[in-house]
Amino acid sequence: MIINTEIDRKGNQYPSKVVTCKKDVDTFYFTTDNNVVLQLTVFRDSILRFRYTTKSNFEKDFSYAIDENASRGYNHLSTKDSDDYYEVITSKLRCQIHKIDLRVAIFDAVDGSLISEDDSGFHWEENYEFGGDIVKMSKAAPSGESYYGMGDKPVQSNLRGKRFENWVTDSYAFERNTDPIYKTIPFYTALHDKKAYGIFFDNSFRSFFDFCHEQRHITSFWAQGGEMNYYFIYGPKMIDVVGSYSDLTGAPELPPLWTLGFHQCKWSYYPESKVKEVASKFRELQIPCDAIYLDIDYMEGFRCFTWNKEYFPNPKKMVKELLDDGFKTVAIIDPGIKIDEDYSIYQEGIENDYFCKRADGPYMKGKVWPGECYFPDYTNPKVRKWWSGLFKELIDDIGVKGVWNDMNEPAVMEVPNKTFPIDVRHDYDGNPCSHRKAHNIYGMQMAKATYEGLKKYSYPKRPFVITRSAYSGTQRYTSTWTGDNIATWDHLWIANIQAQRMSLSGYSFVGSDIGGFAEQPTGELYTRWVQLGVFHPFCRAHSSGDHGNQEPWSFDEDVINIVRKFIELRYQLLPYIYTAFWRYINEGIPIVKSLVLFDQDDHQTYDRNDEFIFGENILVCPIMEPNAQGRRMYLPKGNWYNFWSDEFIKGGKEMRVEADIDSMPIFIKEGAILPKYPVQQYVGEKEIEEMTLDVYYKKGKEKNFLYEDANDGYDYKKGRFSLRNFTLVGKSNELIIQQHKFGKFITSYKTFKIRLHGVPFKISKIQIDNSDFDLKDLKVNGDNTITVSKEFMELHIIGE
């Protein structure tokens with residue numbers, strides 16, 4: 001007779017004492033007497049991977065996030081066996097694994113200071129509903145430790161005291177503190193005692209992070225399935241933590257330069273005459289713009305890879321005419337494929353079994369814009385190859401230059417959870433699973449398939465893809481935007497903090513819908529948003545047509561003039577922005593830097609939300625409230641020049657800065673050399689005949705870089721690039737600029753126009769490469785400019 005049929009629910013379970021330790025090259029296995037195994041891999045001297053199993057053996061090691069080209073190796077590796085713990089030692093870290101309970105403590109190998117230690121450490125709970133484990137990790141959180149990153153969370157910069165969920169979600173008109181929203185990037189950087197470390201929890205199941213929210217002294221993270229699998233990344237500089245994470249999860253290739261210009265989008269521009277009208281108005285008003293977007297209304301009944309012949313009778317001709325006027329066309333493609341027996345894409349998907357299915361066999365059916373749809377399983381390599389091939393007509397034949405992936409969380413309408421049921425099955429690159437595991441990476445794999453198609457059919461040019469949904473590593477394939485925001489002042493604040501946070505999370509090619517997607521901005525709000533947006537890596541205005549027009553000319557003449565002024569500034573700074581991208585791609589240095597990333601030794605930066613560094617040398621602080629004629633802001637340590645007036649200001653203080661509607665607080669770091677183009681209406685409109693270098697005097701030494709290539713294509717990978725290293729040395733009566741050039745690319749311009757800022761002496765003599773030159777020959781003008789050959793190696797500007 002059965003007297004008790006209830007499952008013995010054990011609650012949280014913990015590792016017991018370690019009974020064996022084995023080493024295999026760079027990997028250690030610590031096994032406890034209750035069959036828990038910790039696999040510790042020394043990825044690099046500063047990166048340790050921790051992987052746990054509760055079943056004695058591990059599942060197949062597979063990750064969509066980790067870049068196959070990530071750097072590995074170490075300079076030193078040794079071990080120590082003490083009475084209470086095992087110790088794994090690299091040149092930068094000492095990691096102790098306690099024998100009694102498998103808890104971990106990590107120390108700086110140089111000075112011996114504690115960096116991080118487990119509280120309860122690894123523990124788990126059996127998942128009786130779905131099988132497997134709910135895997136958990138808790139770590140001690142010292143007083144004053146701060147936390148940053150985690151992707152697109154719309155909250156204050158410092159995450160301490162917050163709790164978050166990672167489950168990518170279609171979050172139309174989200175607000176401050178809405179969670180979760182569009183992206184899952186389970187990576188954070190912690191800062192304590194001026195030392196930084198990062199943790200990347202590579203688990204694609206629904207996960208959670210608690211930064212001292214439940215208990216003031218504990219930080220924890222857990223997932224509803226999969227492995228406890230995380231990377232510990234040591235700095236001690238924050239910039240090194242983010243750079244190492246970027247190397248681990250991969251960087252994109254250089255974008256074509258036109259993608260860094262201004263883009264105009266709306267739901268929706270149609271018919272063809274409207275598209276041309278918008279393009280023509282930009283050129284008439286001389287407001288630079290490089291791309292115009294086509295939302296879902298260009299399609300026939302919202303069917304992907306089709307054209308509405310009534311609205312766009314000859315898309316190839318239209319795209320060509322737009323391109324002739326400098327406009328690159330970007331088209332939207334969603335994942336939902338309409339159920340339609342006469343629709344070739346649907347037919348191919350059915351015939352080849354490319355669509356997602358429910359657990360018991362039926363196709364996953366959901367309603368999106370075309371009506372009832374099936375959805376490709378992008379986690380299947382065969383499906384990705386098929387999907388990438390569908391772009392041939394759009395890209396190779398019609399000439400569209402970029403693709404915008406939307407609704408790829410995946411979003412499903414008219415269902416409570418806004419997405420697939422969790423029983424939907426996925427291939428997961430040969431590791432079959434349910435949607436519980438695949439949900440957070442679905443949009444990433446769609447973006448990857450799209451990228452592969454564009455890379456193939458755009459060749460020999462570079463591809464351009466933008467995605468709404470993302471998981472760690474998606475930055476390898478696409479740019480992104482922050483989703484369906486609202487035209488409010490609070491969303492202007494959110495746009496600013498999200499761009500900073502995404503950059504801190506290894507994803508620099510990011511921007512917001514300038515002006516707000518939902519509702520209608522005032523002219524003042526739109527203006528302030530453009531001022532912010534031109535200092536974000538991705539610069540696109542976008543809006544919902546349901547709420548009115550939102551082009552620059554939708555407002556008054558003053559707005560038009562101010563918007564033109566700031567977009568022109570964006571185009572002047574394109575070589576500076578392109579160089580920042582080159583550094584991001586090669587060194588992992590974020591393009592947008594929160595002040596704490598810029599100076600982690602200054603506690604005043606730890607909780608600043610508004611100010612940020614754009615590139616290496618430009619300090620920006622947007623105006624984010626109506627009727628403001630200025631604001632208080634913090635200037636980080638160092639010396640700065642007011643961009644508008646050249647006023648020299650010592651940093652390390654909070655101050656008020658005046659900024660009427662036609663201005664915003666912008667400061668340039670002393671010692672900066674800012675490369676500038678002449679204003680163009682679009683990239684490539686003019687052949688650059690002269691490069692301007694704005695030089696900001698510093699008493700001392702500073703390095704600057706200028707990277708250039710053909711602005712598109714792949715010749716730069718064959719050495720056809722130009723990298724100029726400038727060294728500035730300032731003395732009380734002399735300014736020296738040294739130049740070293742690398743690469744085989746020959747720029748079109750012959751001369752530099754050097755504009756001097758803040759030079760404290762009157763110029764009496766100029767030497768170039770040890771030869772004296774007459775001031776008249778060098779066109780030393782009243783506006784403090786000097787024209788010199790681009791080939792100079794050393795320039796001396798000498799005072800009286």
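# Briefing: sheet, helices and aromatic contacts

Tyr64 is buried, with a relative accessibility of 7%. That residue is a good way into this predicted model, where a search of the whole structure turns up 73 aromatic pairs. Below you will find the aromatic pairs, an open sheet of nine strands, some helix contacts, and a few backbone details worth a look.

**Aromatic pairs**

- Across the whole structure there are 73 aromatic pairs, and one of them joins Tyr64 and Tyr428 edge-to-face, at 4.9 Å centre to centre and 65° between the planes.
- This pair links distant parts of the chain, 364 residues apart: Tyr64 sits in the loop between β4 (47–53) and β5 (77–81), and Tyr428 in the loop between β26 (425–426) and β27 (433–434).
- Like its partner, which is buried at 7%, Tyr428 counts as buried, here at 5% relative accessibility.
- Tyr270 and Tyr311 make a tilted pair, with 4.6 Å between the centres and 35° between the planes.
- Tyr270 is in the loop between β19 and α2, and Tyr311 is in the loop between β20 and α3 (315–324), so their pairing ties together parts 41 residues apart in sequence.
- Both of these tyrosines are partly exposed: Tyr270 has a relative accessible area of 32%, and Tyr311 one of 25%.
- A cluster linked by ring pairs takes in Phe50, Tyr147, Phe164, Tyr188, Phe201, Phe209, Phe211, Phe221 and Tyr230.

**Strands around that cluster**

- Tyr147, a member of the cluster, belongs to strand β11 (residues 146–149), which is covered on both faces: Ser146 and Tyr148 are buried on one side, Tyr147 and Gly149 on the other.
- Strand β11 pairs with β14 (residues 187–192) in the antiparallel sense, over four bridges.
- Within this pairing, Gly149 stands opposite Tyr188 of β14, and Tyr188 is also part of the ring cluster.

**The nine-stranded sheet**

- The open sheet pairs its strands in parallel, in the order β31-β30-β28-β25-β21-β20-β19-β33-β32.
- At the edges are β31 (510–511) and β32 (513–514); each has a single partner strand, so one side of each has no neighbour in the sheet.
- Helix α2 (residues 272–284) packs on the sheet and touches β19 (263–264) and β20 (291–294), with its direction at about 160° to that of β20.
- Further along the order, β21 (residues 328–333) and β25 (residues 402–405) run parallel and are joined by four bridges.
- In this pair of strands, Ile333 is opposite Asn405 of β25.

**Trp307 and its surroundings**

- Trp307 is found in the loop between β20 and α3, and it is buried, at 8% relative accessible area.
- Setting aside neighbours within four places in sequence, Trp307 touches Leu294, Tyr298, Met299, Glu300, Phe312, Pro315, Met318, Leu394, Ile398 and Val400.
- From Trp307 to Leu674 is 44 Å in space, C-alpha to C-alpha, and 367 residues in sequence.

**Helix contacts of α10**

- Helix α9 (residues 523–533) and α10 have axes that come within 9 Å and cross at roughly 5°; these two helices are therefore roughly parallel.
- On the α9 side, the contact uses Gly523, Tyr526, Thr527, Val530, Gln531 and Gly533, which meet Val559, Ile562, Val563, Phe566, Ile567 and Arg570 of α10.
- By class, this contact has seven nonpolar, four polar and one charged residues.
- Helix α10 (residues 557–572) also meets α11 (residues 574–587), where the axes come within 5 Å and cross at roughly 55°, so this pair is oblique.
- Here Arg570, Tyr571 and Gln572 of α10 meet Leu574, Pro575 and Ile577 of α11, a contact of four nonpolar, one polar and one charged residues.

**Backbone details**

- Tyr270, already met in the tilted pair, is joined to Pro271 by a cis peptide bond with omega near 0°; Pro271 lies in the loop between β19 and α2.
- Another cis bond connects Asp179 and Pro180, with omega about 0°, and Pro180 is in the loop between β12 (163–166) and β13 (183–184).
- Ser56, in the loop between β4 and β5, has a positive phi near 75° although it is not a glycine; it is partly exposed, at 40% relative accessible area.
- Cys212 also has a positive phi, near 60°, and lies in the loop between β16 (207–211) and β17 (218–223), where it counts as buried at 7% relative accessibility.

Key:
Residues numbered from 1 in each chain as written. Predicted model: local features only at pLDDT ≥ 70, side-chain atom pairs only at ≥ 80, totals over all residues. Heavy atoms only, no water. Pairing = 2+ DSSP bridges. Contact = heavy atoms within 4.5 Å. Axes fitted to C-alpha atoms, helices over the stretch in contact; angles between N-to-C directions. Parallel < 35°, antiparallel > 145°, perpendicular 65-115°, else oblique. Nonpolar A, V, L, I, M, F, W, Y, C, P; charged D, E, K, R; others polar. Phe/Tyr/Trp six-rings, centres within 6.5 Å; stacked < 30°, edge-to-face > 60°. Buried < 20%, exposed > 50% of the residue type's maximum accessible area, 1.4 Å probe, protein only.
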